[in-house]
Amino acid sequence: MFAVIKTGGKQYKVQAGDMLRVERIAANAGETVQFNEVLMLGGDSPVLGAPTVKDAGVQAEVVDQIKGEKVINFVKRRRKHSSKRTKGHRQKLTLVKITDILASGAEKSGVSEAVGTGSVSAAAVAAITGKTDEAAQIKKAKKARATKAAPKAEKADQMSEAGADDLKALSGVGPALEKKLHEAGITSFAQIAAWTEADIAEVDEKLSFKGRIQREGWVEQAKEKTKG
């Protein structure tokens with residue numbers, strides 16, 4: 001006897017003893033769950049659901065919470081942006097072993113229904129998978145980066161108060177770029193006017209200016225400023 005079930009938006013043909021990888025469900029390893037969306041029962045007397053078979057179910061034991069193979073997504077934009085980006089993704093899955101197929105009596109079996117993690121709270125998912133809430137992890141990481149960046153911002157402010165040149169007078173330099181230059185220790189027109197080609201290349205690479213220094217003519221502008 002076999003059954004066709006639906007879970008995680010996908011359909012699977014199963015029979016007792018099968019090992020199956022499905023979209024992650026909210027259950028711990030060792031627990032028994034029941035798939036209630038049975039689309040078809042096969043065997044000597046096949047039954048087709050409309051759309052599901054009433055009171056039928058498929059029970060399974062949760063073996064482990066796993067991840068699928070890594071999928072690489074490569075995006076390349078050639079026009080205007082000329083950028084490329086590679087991202088990896090591993091789908092969260094649950095490994096289950098099919099233990100029983102119920103042609104009837106599923107509603108009164110007393111076995112918990114297999115529910116996808118997208119249908120339960122983040123706290124419940126964390127308790128089941130043994131992991132903290134991903135949103136909380138992201139928030140914590142952002143806070144750590146902000147704390148790390150605070151001394152740099154404070155240093156830039158101190159440079160500004162100490163009488164550094166107004167680098168915003170250079171073509172294409174706004175408050176954000178000026179702050180970036182200050183954090184790199186560049187605070188005066190005299191420093192920029194003294195740059196050699198090697199210095200320009202080093203600063204350009206270090207601050208990711210992508211040729212802006214030469215394109216905007218900062219060195220020539222800085223020399224004019226120092227003359228004035």
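Here is a short walk through this predicted model, point by point.

1. **The sheet at the start of the chain.** A good place to begin is an open sheet of 4 strands, arranged in the order 2-1-5-6 with antiparallel pairing. Strand 2 and strand 6 (47-48) are at the edges and have a single partner strand each, so one side of each has no neighbour in the sheet. Between strand 1 and strand 5 there are 4 bridges, in the antiparallel sense. If you want one residue pair to look up, take Phe2, whose bridge partner in strand 5 is Gly42.

2. **A charge over a ring.** Phe2 is worth a second look. The charged end of Lys13 sits over the ring of Phe2, at 4.5 Å from the ring centre.

3. **The largest nonpolar core.** This core has 21 residues, and the ones with the most contacts inside it are Ile5, Val14, Leu20, Ile25, Phe35, Val38 and Val58. Several strands each supply at least two of its residues, including strand 1 (2-7), strand 2 (10-14) and strand 3 (19-23), as well as strand 7 (57-77) and strand 8 (83-102). In general, nonpolar side chains in soluble globular proteins tend to be buried together.

4. **Ile5 as a way in.** Which residues does Ile5 touch, leaving aside those up to four places away in sequence? Among them are the core residues Val14, Leu20, Phe35, Val38 and Val58. Ile5 also touches Lys10, Gln11, Tyr12 and Glu37.

5. **Another core.** Apart from the core around Ile5 lies another one, of 18 residues, with Val173, Ile186, Trp195 and Leu207 among them.

6. **A loop residue and a distant partner.** Asn28 is found in the loop between strand 3 and strand 4. Its relative accessibility is 31%, so Asn28 counts as partly exposed. In sequence Asn28 and Thr94 are 66 residues apart, while their C-alpha atoms are 9.5 Å apart in space.

7. **Helix 3.** Further along the chain, helix 3 covers residues 175-183, and its buried residues include Leu177, Glu178, Leu181 and His182. Viewed down the helix axis, the buried residues of helix 3 fall within an arc of 140°, so they line one face. The face turned away from that buried side carries the exposed residues Pro175 and Ala176. Just after the helix, Gly185 has a positive phi of about 85°.

8. **Helix 5.** Which residues of helix 5 (residues 197-206) are buried? They are Ile200, Val203 and Asp204. Looking down the axis, these fall within an arc of 100°, so they line one face of helix 5. An α-helix has 3.6 residues a turn, so residues three or four places apart point the same way. The buried residues of helix 5 pack against helix 6 (212-216) and helix 7 (218-227). On the face turned away from the buried side are the exposed residues Ala198, Glu202, Glu205 and Lys206. Ser208 follows helix 5 and has a positive phi, near 55°.

9. **The aromatic pair.** A search of the whole structure turns up 1 aromatic pair. The ring centres of Phe209 and Trp218 are 5.4 Å apart and the planes are at 75°, so the pair is edge-to-face. Are these two residues buried or exposed? Phe209 is buried, at 4% relative accessibility, and Trp218 is buried too, with a relative accessible area of 0%.

Note on methods:
Residues are numbered from 1 along each chain as its sequence is written. This is a predicted model: local features need pLDDT of at least 70, side-chain atom pairs count only at pLDDT 80 or more; totals for chains, interfaces and linings use all residues. Side-chain values use heavy atoms; hydrogens and water are left out. Buried means under 20% relative accessible area, exposed over 50%, partly exposed in between (1.4 Å probe, protein chains only). The arc is that of the directions from the helix axis to the C-beta atoms. Rings of Phe, Tyr and Trp (its six-membered ring) pair if their centres lie within 6.5 Å; planes under 30 degrees apart count as stacked, over 60 as edge-to-face and the rest as tilted. A charge sits over a ring if NZ of Lys or CZ of Arg is within 6 Å of the ring centre and within 35 degrees of the ring normal. A nonpolar core is a set of buried Ala, Val, Leu, Ile, Met, Phe, Trp, Tyr and Cys residues joined through side-chain atoms within 4.5 Å. Contact means heavy atoms within 4.5 Å. Two strands pair if DSSP finds at least two bridges between them.
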